[in-house]
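I set out to note how the parts of this assembly meet, and what holds the metal sites. The entries below follow the order in which I looked things up.

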Protein chains: 4
Amino acid sequence: MTKVIRNGTIVTADRTYKADVLVKDGKIVAIGNDIHGDHEYDATGCYVMPGGIDPHTHLEMPFMGTYSADDFESGTRAALSGGTTMVVDFCLPSPGQSLLEAIQMWDNKSGRACCDYSFHMAITWWGEQVFNEMPEVVKRGIPTFKHFMAYKGALMVDDDEMFSSFQRCAELGALPLVHAENGDVVAQLSQKLLAEGNNGPEGHAYSRPPEVEGEATNRAIMIADMAGVPLYVVHTSCEQSHEAIRRARQKGMRVFGEPLIQHLVLDETEYFNKDWDHSARRVMSPPFRNKQHQDSLWAGLSAGSLQVVATDHCAFTSEQKRFGVGDFTKIPNGTGGLEDRLPVLWTFGVNTGRLTPNEFVAVTSTNIAKILNMYPKKGAILEGADADIIVWDPEKTKTISAKAQQSVIDYNVFEGIEVKGLPRYVFTRGEVAVNDGKVEARPGHGEFVAREPHMAV
Amino acid sequence: MTKVIRNGTIVTADRTYKADVLVKDGKIVAIGNDIHGDHEYDATGCYVMPGGIDPHTHLEMPFMGTYSADDFESGTRAALSGGTTMVVDFCLPSPGQSLLEAIQMWDNKSGRACCDYSFHMAITWWGEQVFNEMPEVVKRGIPTFKHFMAYKGALMVDDDEMFSSFQRCAELGALPLVHAENGDVVAQLSQKLLAEGNNGPEGHAYSRPPEVEGEATNRAIMIADMAGVPLYVVHTSCEQSHEAIRRARQKGMRVFGEPLIQHLVLDETEYFNKDWDHSARRVMSPPFRNKQHQDSLWAGLSAGSLQVVATDHCAFTSEQKRFGVGDFTKIPNGTGGLEDRLPVLWTFGVNTGRLTPNEFVAVTSTNIAKILNMYPKKGAILEGADADIIVWDPEKTKTISAKAQQSVIDYNVFEGIEVKGLPRYVFTRGEVAVNDGKVEARPGHGEFVAREPHMAV
Amino acid sequence: MTKVIRNGTIVTADRTYKADVLVKDGKIVAIGNDIHGDHEYDATGCYVMPGGIDPHTHLEMPFMGTYSADDFESGTRAALSGGTTMVVDFCLPSPGQSLLEAIQMWDNKSGRACCDYSFHMAITWWGEQVFNEMPEVVKRGIPTFKHFMAYKGALMVDDDEMFSSFQRCAELGALPLVHAENGDVVAQLSQKLLAEGNNGPEGHAYSRPPEVEGEATNRAIMIADMAGVPLYVVHTSCEQSHEAIRRARQKGMRVFGEPLIQHLVLDETEYFNKDWDHSARRVMSPPFRNKQHQDSLWAGLSAGSLQVVATDHCAFTSEQKRFGVGDFTKIPNGTGGLEDRLPVLWTFGVNTGRLTPNEFVAVTSTNIAKILNMYPKKGAILEGADADIIVWDPEKTKTISAKAQQSVIDYNVFEGIEVKGLPRYVFTRGEVAVNDGKVEARPGHGEFVAREPHMAV
Amino acid sequence: MTKVIRNGTIVTADRTYKADVLVKDGKIVAIGNDIHGDHEYDATGCYVMPGGIDPHTHLEMPFMGTYSADDFESGTRAALSGGTTMVVDFCLPSPGQSLLEAIQMWDNKSGRACCDYSFHMAITWWGEQVFNEMPEVVKRGIPTFKHFMAYKGALMVDDDEMFSSFQRCAELGALPLVHAENGDVVAQLSQKLLAEGNNGPEGHAYSRPPEVEGEATNRAIMIADMAGVPLYVVHTSCEQSHEAIRRARQKGMRVFGEPLIQHLVLDETEYFNKDWDHSARRVMSPPFRNKQHQDSLWAGLSAGSLQVVATDHCAFTSEQKRFGVGDFTKIPNGTGGLEDRLPVLWTFGVNTGRLTPNEFVAVTSTNIAKILNMYPKKGAILEGADADIIVWDPEKTKTISAKAQQSVIDYNVFEGIEVKGLPRYVFTRGEVAVNDGKVEARPGHGEFVAREPHMAV
Ligand SMILES: [Zn+2]
Ligand SMILES: [Zn+2]
Ligand SMILES: [Zn+2]
Ligand SMILES: [Zn+2]
Ligand SMILES: [Zn+2]
Ligand SMILES: [Zn+2]
Ligand SMILES: [Zn+2]
Ligand SMILES: [Zn+2]
């Protein structure tokens, strides 16, 4: 059985051209003119693009005895509904836990995923066992290791551990990732704010200023440089962090920066909202910044000093958020976004002229596939590539609303934003997941994508 | 009749993979495994890459009653011998001359070109006629306009003219280019040096310091910004100019920088050579810089703040150079390089780890094709693309020597440099131009490549 | 007859200490404890500081057949009333006019000055006569030469002329000044705006974006560097210009930047006011910028990358401004400020913690005296210095209002701003000009201050 | 009894003028023309300047069971011989030791000092006792606290401790200082080098690259910013650190940088010397850098982004250095310089035109006195100031040689350098310490200088 996407304009990171796409057995098998097949999908007036890849999600993440609300099923359904056909989630070992055991746990959770997925492994503690298990983790298709410079007393690693781990990554051809905020300073600022009676959600933002993120980014870059390894900085939210990244790149270092769609369009005034719920729902780390930082991030995407756009999707319900009433440090950190990343980026990026459609594909899909070393299996409209494809209707509009969303939570940080540019069809390895706007994702369809070490750069 | 390049590893700007390439009627018609055809070329152990494109040459350029020594025949033969399968030359109207008449003249010269070529149009004067002819120039496939900010009293245009022309480019979807040096300052510094008795070739370098180039780059960028048009800065030779470019890019402007292979590997000490001929042969504008500038340019290529590598090939014989004995301002400006760009960049860029092979392809071919709006006809290994292909043997070595070169001049600025990485085969629209290292270029094979305006960025 | 300022705290650029000051014959003759004299002025609770120096004013400046409204009498009275005890005005030769003749004209105007003054000479045209007269200008005590890079067709000089003049300055030990805006671009943007029907005062701001100023600053710096001469950039209004200055300083160049008090506290929203008069009264070049530029300027003052604060006082009445109704290019450029510079800077600089009181003295007086080479005759509280002294009451407040001002014009751009920090007494060469807040300036008291070339840096 | 320095040219940070100086009871009591007194010192042809202040020395510092070789007697004699009339040394408590007890120990050592001195207190550990003793330390005249970010397992404090201490400084109006190198990274790099058999002195330099210093500087600045306190970065040796400092200053932060005379004129090639002793004698932290870093530091001094020049004088004999044969981490860190700072800085700074004589005074004396809050008692030629004065003969030359030096060690890192500009006379609180070039320093003459908190900036 074959499927054909007909009459569309193919848009890749590289180029824009008219052609039909033939899909068979989950793969793209031909690209050309006037192709026909068993099922035909009309892409007239649409762009045919590689499905989005979200390099940064936390589905069913354990937290304080509960879990982030979207699991692999609802999370990937949300993803597909917005044109994202793959997510990369974080495998988080408990302190002292075997990395391989953690992989097993994450494997168990992901059985009902509707789209493909991969994992990053977090280095949440350091020791001989971790050092020894890292090669096996890489062998199992996970050549990317995350390091938290914040969350003191929990996930945080210190410089000594981070340098050791980065050197191990260098030996293995693996890529280190960092959550860059100075955990010591965040912890003290938080305590100080609480002690002064500032316990509301806005206190969360005050406790993590841009300087605190910029410093950690700068430090991680130096350590990567000393270890002789590239570096990927997750959720780059501010000029300070971006400045450190581009300064490093101008010395020839290979450093990647990942703005989130939230930081590109939402700003700190959200925390000034008097409604505790409104503000708490926006609590994430790093917090939203002011508009000058947004300008910096957009320019970075067009200049190439920042490479990808993610969501850090980590959804908690209002009820879960309320765990932090009276103490902002207890508000679960995280927001949604999986469903909205592509339409929102298209609306504020492409429709405004900041990004070309090709750049849109690059930052939502192709660059990610390249950096995470799974191109052109993913991130490409090429013969032989997985048929993860979106048929994008640039004229289609909607107003974002929690009521209509796939995510299981009860709100949406983009509520009320009108987007223009939405998927007409979404294919995940050849299966239709969005059919003329209707979500038909199938739980269990998603498969784990093993990745190789020794990426090109 | 079909040709197949077998058993090689295809390297594009995007990816690296093993496949054979089938060529027919000058086009790539298939890429896949185990392809056979009428003629088979063995690429075992080699990289199969898009042919190089040189975006900046001056073949048979009129100068002081004579012409630059390499014409379209010898120049394109030199190009092909080194893996470059296309050149973009500059059409230079005389003061007051019709742009269309100038195109006619350049068409006449290019009849014996061995590889494909295109033109940039130079705006050497300004007036209603120029303004009116620009649309027709674009219609004839030349949507790129060069502006000289130096060569006072000859090619130079002032800010007012440049701003007018840039605005016209914006209307036409054309891309302005600039030779960025402050012509007023160069002229006075030159006169001062001569007046003080510094008339040797080193005076040329003293008369054009990096600050003079950086200033003009910065000025052209501002004018482009005011006109709402992207900008392409030719022969970016120094940190000052690079700094201006990346500062602009960090504001979201679309500015491109073009280092020359000469500036990447040769430095100002060449001018300290006591041999007049040695020094005069290296006289070009901008002159060679010191090693710190080289670091800046290399980092720019890997960071993406600089995009392409060219030659500004404008060869003059030693005899022609000697026209400037006793007065460096009379030394014809220009050096060769068409033959050496790829091997030298591979040797100093890829073999040292500064650039990946994919980045090598990007900066020598694909980025150029995209910026000049002829991708993927040129700059790609894709079905449907022109079969401009190099089979690159990374183990092949030679020592560069004027004796063995294709260029008609009697010296080579890279003389004595040992390169590792050379073409085994070169195809120009399917024809073999280099056959196992032997040059078989055919005069008259080359065709004009018409380009569209409204490039993607 | 002696005067003593008693019980105050002396604040200089260097230090803060309690002492009395004895004045005789227009000079400070002693500083110490418990000094008595014929007339005693109580400075209890006050700071005793060097009188302000305004390095940039245009009094009775010829314009379109009329003159700027404040002449040397009203202008210097306004100055004294706000604590400024010296102004440096611009001597502007007409095209072709002898520089010496222009000095004569300015000498004639300044006879009724209430405080001391000096002149900068403007290079409004270039030729052998100018070149030849420059040494005599220096000899007459005017070692600073102003160059306009804007006002095309009127005051503007081109790069060639500017480079020639800068080299002449280098020979004479004189300091070049620049008004830095790209005049070609301003002229075209203005014409374009008018052609599109944007003829209101806001068009003035649109025609002179920050990039246009930054570019010219960068260009002037390069030319100064090539000429081997320091540079003083008047009315540095934006980050772009400031960036160019500090980049140059970080290469070891001696470049000075002069923010105006207007640009430090007023922003572009003034031009969005629907009242034509309101907006037109704020028309000056460069125009007011947005708040990010203000942050940059303030930081520059505390970091030392910007050195002085001026006013560019060039006052026109509303009636004069209305000459530009229907064509913003005809609105006389300029605002007042002489009276308000010190109180406004103290209020927004010292009271907010951005500047120390010592830095306040440095940027309003001492740095200016040093750069313009008249320290410590001016700008100092030292024995032997001119007794230009302010007794500053940090608790005194007022609301700025045109009704109460000394300037002859009918409005004030700072109208309604409440300042805290005002002079109790002001002395000009020992004479009381402000007596417990009451202005007692005496026309004709002011004298020309001749300055030497070869300043320290 | 009075002394008069006659016929000289007074050079202060502010100005240059001819005057005589009258000294009585250790103070400057008059400055004027034609002054006479009991003893007259001829300063004809000389500059009369404030004595140098070295803000960074380690005299008789405990180390591995021994002590740095120059004690307060020989160290201050060396200082005086080169025109330095005051040193600020570091009081280093042992882990767990009371700060007040440490002061007592340092008081005991300093009894035979030949010139005045003050102390910085080092925070070598953190706890309630330290927190509680800090106010008393300030009360005893020590409002400056040093923090080591390197020397892991010994002096190093972590971010948490540093942030706590900085906040305590903010409360007390004290100024934190940092030795900025990432101690974790240095420790691992050192172990790695040793493990690879790189145990020679050059290994010391390899273990502490500029990036490691730049990172720590950037981190300390962020922490100071969060604590709301200014910051003083000792021994700023490289562009990376300087860049962090000036970036902070451009945000309005008050950060000071202190290049050492060694880093300004000596470079890393010293470590390539095959003679173990030669190289080991230059082992200090940070190590010498390459020439590009020197350019950065010189420009910083003239631009004002770096403020002072010190020595970090910490002299060890060759025998002591040899303790580290076979293991560079055991080589005592430190070099001399107290005697040479002024002549070397004058030679390479003033004689080359990089610094004016006024700037020379600023960076060697006046700025230090201001930042450390003892101006104008120290660092000034003003009535009432301490008579710490040098009569500087700009024509006097010598070749630096260990043989002729005051320091007790057996070598000099500036050996063989010819300096031009040396003291003719040096006065320490009115006493002659150098008499026409002959050293007459008197042990025990020096007194402790208590300093106040709440410096101006
Ligand atoms: Zn995170
Ligand atoms: Zn995350
Ligand atoms: Zn050129
Ligand atoms: Zn050219
Ligand atoms: Zn002006
Ligand atoms: Zn003006
Ligand atoms: Zn240290
Ligand atoms: Zn030290």
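**Entry 1, metal sites.** Before listing ligands I fixed what counts as a donor: an N, O or S atom within 2.8 Å of the metal, with water not among the atoms, so sites may look incomplete. I also keep in mind that this is a predicted model.

With that rule I looked up the zinc ion (ligand 5) and found it coordinated by the ND1 atom of His179(C) and the NE2 atom of His235(C), at 2.1 to 2.2 Å. I then asked where in chain C these two residues sit, and found His179(C) in strand β14 (residues 175-179) and His235(C) in the loop between β15 (231-233) and α8 (239-249), so that the pair, 56 residues apart, links distant parts of the chain. The zinc ion (ligand 6) lies 3.4 Å from the zinc ion (ligand 5).

I went through chain A in turn, where the zinc ion (ligand 1) is held by His179(A) through ND1 and by His235(A) through NE2, at 2.0 to 2.2 Å. Here His179(A) belongs to strand β14 (residues 175-179), while His235(A) is in the loop between β15 (231-233) and α8 of chain A, with the two positions 56 residues apart. From the zinc ion (ligand 1) to the zinc ion (ligand 2) I noted 3.4 Å.

**Entry 2, chain A against chain D.** How many residues of chain A are in contact with chain D? I noted 26 residues of chain A, meeting 26 residues of chain D. The two chains bury about 2,300 Å² between them, with 56% of that area on carbon and sulfur atoms. Gln188(A), Met222(A) and Met226(A) supply 24% of the area that chain A buries against chain D, which is more than any other three residues give.

For the polar side of this interface, I recorded 6 salt bridges and 12 residue pairs in polar contact, both partners at pLDDT 80 or more. The elements of chain A that each supply at least two residues to the side touching chain D are α4 (159-172), α5 (183-195), α7 (210-227) and α8 (239-249), and α7(A) gives the most, with 9 residues. By class, that side of chain A has 8 nonpolar, 6 polar and 12 charged residues. One salt bridge I looked up joins the side chains of Arg247(A) and Glu243(D), at 3.5 Å from N to O.

**Entry 3, the two domains of chain A.** The domain assignment splits chain A into domain 1 (2-49 + 380-439) and domain 2 (51-371), and their C-alpha centres lie 27 Å apart. I found 40 residues of domain 1 in contact with 44 residues of domain 2, and about 3,200 Å² buried between them, 63% of it on carbon and sulfur atoms. On the domain 1 side, Tyr411(A), Val413(A) and Phe414(A) lose the most area to domain 2, together 21% of what that side buries.

Between these domains I noted 2 salt bridges, and the side chains of Asp410(A) and Arg281(A) meet in a salt bridge at 3.8 Å, N to O. There are also 15 residue pairs in polar contact across this interface, both at pLDDT 80 or more. β7 (47-50), β17 (389-399), β18 (418-428) and β19 (431-435) of chain A give two or more residues to the domain 1 side, of which β18(A) contributes the largest share, 9 residues. The class count for that side is 24 nonpolar, 8 polar and 8 charged residues.

Technical notes. Residues are numbered from 1 along each chain as its sequence is written. Chains are lettered from A and ligands numbered from 1 in the order in which they are written. This is a predicted model: local features need pLDDT of at least 70, side-chain atom pairs count only at pLDDT 80 or more; totals for chains, interfaces and linings use all residues. Side-chain values use heavy atoms; hydrogens and water are left out. Contact means heavy atoms within 4.5 Å. Buried area is the accessible area (1.4 Å probe) that two parts lose on being put together, summed over both. A salt bridge is a side-chain nitrogen of Lys or Arg within 4 Å of a carboxyl oxygen of Asp or Glu. A polar contact is a pair of N or O atoms within 3.5 Å; within protein, one must be able to donate a hydrogen and the other to accept it, and residues adjacent in sequence count only if both atoms are side-chain atoms. Helices (H or I, at least four residues) and strands (E, at least two) are DSSP runs, numbered from the N terminus. Ala, Val, Leu, Ile, Met, Phe, Trp, Tyr, Cys and Pro count as nonpolar, Asp, Glu, Lys and Arg as charged, and the others, Gly among them, as polar. Domain bounds come from an automatic or database domain assignment. Donors are N, O and S atoms within 2.8 Å of the metal (3.2 Å for Na, K and Ca); water is not among the atoms, so sites may look incomplete.
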